[in-house]
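Trainee: Before I accept any descriptive term for this model, I would like to hear what it rests on. Could we go through the terms one at a time?

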Amino acid sequence: MSLKKRFLYLFFMLPSLVSAEDGSQLWLRYVPVEEHIAKQRQISLANNHESALLAKQELNRYWRGTSISMHLDKKAKALKEGYQIKSDVSGIRLTAAEPIGLLYGAFHLLRLQGAKVNMQNLNIEEIPDYDIRILNHWDNLDRTVERGYAGYSLWRWDELPNTLSPRYEQYARANASIGINATVLNNVNASPQILTSNYIQKVKALADIFRKYGIKVYLSANFSSPKVLDGLSDSDPSRKEVQDWWKTKVKEIYQHIPDFGGFLVKANSEGQPGPQDHGRTHADGANMLADALKPYGGIVMWRAFVYNPSEQDRAKQAYQEFVPLDGQFRDNVIIQIKNGPIDFQPREPFTPLFGAMKHTAQMIEFQITQEYLGFSNHLAYLAPLFKETLDSDTYARGKGSTVACITDGSIFSAKRTAISAVANIGEDTNWTGHHFAQANWYAFGRLAWNHQLSSEEIADEWISQTFTDNRDFAKPIRQMMMDSREAVVDYMMPLGLHHIFAFGHHYGPEPWGDVEGGRPDWMPWYYHNADTVGVGFDRTTTGSNAVSQYNEPLRSTFNSIETCPENLLLWFHHVPWTHRMKNGHSLWEELCFHYDRGVQEVRQFQKTWDKLEQYVDEQRFSEIQSKLKVQAKDAVWWKDACLLYFQTFSKTPIPYELERPIHELEELKKIKLDMKHHN
Ligand code: BDP
């Protein structure tokens, strides 16, 4: 390039490079304040705790409004990590009991500023609903991510602890901005190596960065670590040698990471080792670890995701395993329960274990990463899914015993409350693969802070910060987001269908799937039970009787084909193809209408998006546009695969007013994607 050309290139390219949007800033696209504005107001703070200083720094950089004075009031314990914001003519007063509360409050103010709220008479008090608001990373030490669709792991284990990627701090800041205060760094299918001294040094380096953002580090622990790492004859929790091994290990961890959070454990599940290998119970295993952690204030999050190929319906097994152990767990153990009884499906009823254990702390596990919702290719706003579970009434102590109230300690008192979700974060420039998947990380954080927020409110906040608050953009985009999860349910698994995914990777349909000699509970037919009579899993009192695990009146409601909510019908019932639905359609027709509606919805998303091009920067516009094309193709693939397959049983035409299939079933059956996964 000639000098002149180079100059011209720089002249024209630079401005657009500077304003380029690649999603890397997430919802934190604040514009730095110009000096003359900064000079007109004061951000004061009589404290130099590092988290409080961060609060001051954020406000100094980005706050355009009136003066703010920040105060720590150690006596205001009831605020927990929350804060108060009050304003009058003299300015804004931000008060917190903990330094981190000031940082959360600062981000709250910046959110208000983004939403152009009038700051005249603020009187806000925010107290988080859960003590521990934690992300679970399923990141392996080789930097692959189990069910991760946004590139390799953020954690560069090979470079740690010496080289510190700037993204570690960006990650911490993003989490702090939405109140997330804890993270599990490694996969629940845990490599014992994470507990070696070498890795503890690496973990310490991350913990040291995260600390000032209020984030505590936790690790997934492999139950066989004593045997694997140090050659003990076994890892039986009842043996003193094993107990001592854990005590020594925990001591070592706390020497380096004094505020270490504790362990997350997947035991005796999908081939992972656990106490049952030694004839001990989940309580024996969890309590041994809890005893080792207790002196340091650490906790154990013990997962209830356990099931085995047995005569028992998989949906019943966690309850059967854990309810008899109620009351046997130490007070620093929390049972971590997936939102639904099978596995993060597009729609499931809540896991009946919630509310069934009255003397054991329980926490929920959501999945932000879209293992079963189209990976990072499909736009699916998950706040409605999260809320659907949180707002479900368990009737554990009469009406109003929602899953949210069970887990936030307001029904059964709990020493510590927690809420978790499997992260969708990776090394991709935009962090989550799909720009709209950022909204799910955001929504989890906001709901973990306040489960009363509505999905719409959260979407509004996110849209205005991530794109623009222009109503002409925000309104249709909010509608698209609000419709998106139901659209996925419609084109994948409407009316309570579940787990008819392609084997292993779970991308795309495979209702016909069958692997010779494979585990039945990993086969689609196990779940849909299609035959010439009908389709669906009979979990009624005359079937697997999974309904019995729900409290009345739910048990009876689910048990009767007349009263069972139609969006869960095939979860609880084997329903004849000719069954009359509430709107007069036969079940077969209704199924067809749902699949078709899912496809039409995605086409609508494409139109909505294309129409709004003028409001969005070029890069994000076209990246999202391409993803929507993939989603539209996939939706048709799903519809055709499922309808053509189920039609071999229903032997009934697809209603003629609906779009016709464009694929041959036999062709679809041949599709095998090259993605490796074990189940
Ligand atoms: C399933 C995933 C699998 C996980 C497992 C778990 O398919 O990769 O290891 O859950 O949560 O959703 O342990």
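Mentor: What follows takes up the overall form, then the ligand site, then the open and enclosed spaces, and please keep in mind throughout that this is a predicted model.

Trainee: Why is the protein chain said to agree with a compact globule?

Mentor: A compact globule with 679 residues would have a radius of gyration near 26 Å, and because the protein chain has 26 Å, the value agrees with that rule. Along its principal axes the C-alpha trace spans about 75 × 70 × 60 Å, and the chain holds 21 helices and 15 strands.

Trainee: What makes the approach of D343 to an oxygen atom of the ligand a polar contact?

Mentor: A polar contact is a pair of N or O atoms within 3.5 Å. An N or O atom in the side chain of D343 is 2.6 Å from an oxygen atom of the ligand, so the pair meets the cut-off of 3.5 Å. For E371, a polar side-chain atom lies 2.5 Å from a ligand oxygen, and for R147 the distance from a side-chain N or O atom to a ligand oxygen is 2.9 Å, so these two pairs are polar contacts by that cut-off of 3.5 Å.

Trainee: How do you know whether the ligand is buried or exposed?

Mentor: Taken alone, the ligand exposes 320 Å², and the protein buries 100% of that area, so the ligand is buried by the accessible-area criterion. There are 16 residues around the ligand, with E146, K266, R303, D343 and E371 coming nearest, and this shell divides into 5 nonpolar, 3 polar and 8 charged residues.

Trainee: What makes a space a cavity, and how many cavities of 30 Å³ or more does the search find?

Mentor: In a cavity a 1.4 Å probe fits but cannot get out, and the search of the whole structure finds 9 of 30 Å³ or more. The largest cavity has a volume of about 140 Å³; of its 19 lining residues, A304, F305, A318, G340 and P341 are closest to its centre. The strand β11 gives the most to that lining, with 3 residues, and the lining divides into 12 nonpolar, 4 polar and 3 charged residues.

Trainee: Why is the space lined by E81 and D131 called a pocket instead?

Mentor: The term pocket is used because the set of points is open, with protein on both sides. The largest pocket has a volume of about 610 Å³, and its 27 lining residues include E81, D131, N181, G214 and K216, which lie nearest its centre. That lining divides into 9 nonpolar, 7 polar and 11 charged residues.

Definitions and conventions
Residues numbered from 1 in each chain as written. Predicted model: local features only at pLDDT ≥ 70, side-chain atom pairs only at ≥ 80, totals over all residues. Heavy atoms only, no water. Near = heavy atom within 4 Å. Polar contact = N/O pair within 3.5 Å; in protein donor to acceptor, adjacent residues only side chain to side chain. Areas by Shrake-Rupley, 256 points an atom, 1.4 Å probe, with all protein chains shown as cover. Nonpolar A, V, L, I, M, F, W, Y, C, P; charged D, E, K, R; others polar. 1 Å grid on protein atoms, 1.4 Å probe; cavity = no way out; pocket = protein on both sides within 12 Å on 5 of 7 lines; lining within 4 Å. Points joined across faces, edges and corners; volume = space filled by probe spheres on them. Helix = DSSP H or I, 4+ residues; strand = E, 2+ residues; numbered from the N terminus. Rg over C-alpha atoms; globule rule 2.2 N^0.38 Å.
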